[in-house]
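Colleague: I'd like to learn how to read a structure like this one, feature by feature. Can we just pick a spot and go from there?

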Amino acid sequence: MLTTLFLLVRRDFGVFWIYSMGVAAASQDRKDAARKLLSQAIARPVLFSKGIKCEARFRLSWLLMEQSDYAGAVALLRENLSQRL
């Protein structure tokens, strides 16, 4: 039982770790690495903390707007609005 819980929490922690690395890359002006990491955080499945994916979509939408990819940013923000937290 404890092992199963550990494996489930580890999966969610992996998404949080990728997200935090993406935020750190964005703050260091490594925008390409940040976009890649945030996209990976969005693509990975989570069980408990679905809010981290919403935050990753929000931050990625800002990076896309800086790159003038407004259609991609709108798609991410619409997906955020359609999610139930």
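Modeller: Sure, let's begin with Trp62, which has a relative accessibility of 47% and so counts as partly exposed. One thing to keep in mind throughout is that this is a predicted model.

Colleague: Why does Trp62 count as partly exposed?

Modeller: The label depends on two cut-offs: under 20% is buried, over 50% is exposed, and partly exposed is in between. Trp62 has 47%, so it lands in that middle class. Phe58, with 38%, is partly exposed as well.

Colleague: Good. Before more details, how many helices and strands does the chain have?

Modeller: There are 4 helices and 0 strands. Following the sequence, you read α-α-α-α. The C-alpha trace spans about 50 × 30 × 15 Å along its principal axes.

Colleague: And how much of the chain is buried?

Modeller: Of its 85 residues, 31% are buried. From the outside, the chain exposes about 5,900 Å², and carbon and sulfur atoms supply 63% of that.

Colleague: Let's go to the aromatic rings. How do I read a pair of them?

Modeller: You describe a pair by how far apart the ring centres are and by the angle between the planes. In this model there are 3 aromatic pairs. One of them joins Phe13 and Phe16, with 6.5 Å from centre to centre and 40° between the planes, and it is tilted.

Colleague: Why are Phe13 and Phe16 about one helical turn apart?

Modeller: Both sit in helix α1, which covers residues 2-27, and they are 3 residues apart there, so about one helical turn separates them. Phe13 is exposed at 53% relative accessible area, while Phe16 is partly exposed at 42%.

Colleague: What kind of pair do Phe58 and Trp62 make?

Modeller: Their ring centres are 6.4 Å apart and their planes meet at 80°, so this pair is edge-to-face. Phe58 and Trp62 share helix α3 (residues 51-66), where they are 4 residues apart, about one turn of the helix.

Colleague: Which residues form an aromatic cluster?

Modeller: Phe13, Phe16 and Tyr19 make up one cluster.

Colleague: Now a buried case, please. Where does Ser61 lie, and which residues does Ser61 touch?

Modeller: Ser61 is in helix α3. Its relative accessibility is 0%, so Ser61 counts as buried. If you skip residues up to four places away in sequence, Ser61 touches Ala73, Leu76 and Leu77.

Colleague: What about contacts across the whole chain?

Modeller: Take the contacts between residues at least 6 apart in sequence: 49% of them join residues at least 24 apart.

Colleague: Back to the surface. Which residues make the nonpolar patch?

Modeller: Leu2, Leu5, Val9, Leu47 and Phe48 make a nonpolar surface patch of about 500 Å². Val9, one of the group, is in helix α1, and its relative accessibility of 43% makes it partly exposed.

Colleague: Last topic: backbone angles. Which residues should I look at?

Modeller: Try Asp29, which isn't glycine yet has a positive phi, near 60°. Asp29 lies in the loop between α1 and α2 (31-43), and is exposed, at 60% relative accessible area. Ser68 also has a positive phi, near 65°, in a residue other than glycine. You'll find Ser68 in the loop between α3 and α4 (70-82).

Conventions
Residues are numbered from 1 along each chain as its sequence is written. This is a predicted model: local features need pLDDT of at least 70, side-chain atom pairs count only at pLDDT 80 or more; totals for chains, interfaces and linings use all residues. Side-chain values use heavy atoms; hydrogens and water are left out. Rings of Phe, Tyr and Trp (its six-membered ring) pair if their centres lie within 6.5 Å; planes under 30 degrees apart count as stacked, over 60 as edge-to-face and the rest as tilted. Helices (H or I, at least four residues) and strands (E, at least two) are DSSP runs, numbered from the N terminus. Buried means under 20% relative accessible area, exposed over 50%, partly exposed in between (1.4 Å probe, protein chains only). Patches are made of residues with over 30% relative accessible area and no salt bridge: like charges are joined within 9 Å, nonpolar side chains (Val, Leu, Ile, Met, Phe, Trp, Tyr) within 5 Å. Accessible areas come from the Shrake-Rupley method with a 1.4 Å probe; for residues, only the protein chains shown count as cover. A salt bridge is a side-chain nitrogen of Lys or Arg within 4 Å of a carboxyl oxygen of Asp or Glu. Contact means heavy atoms within 4.5 Å.
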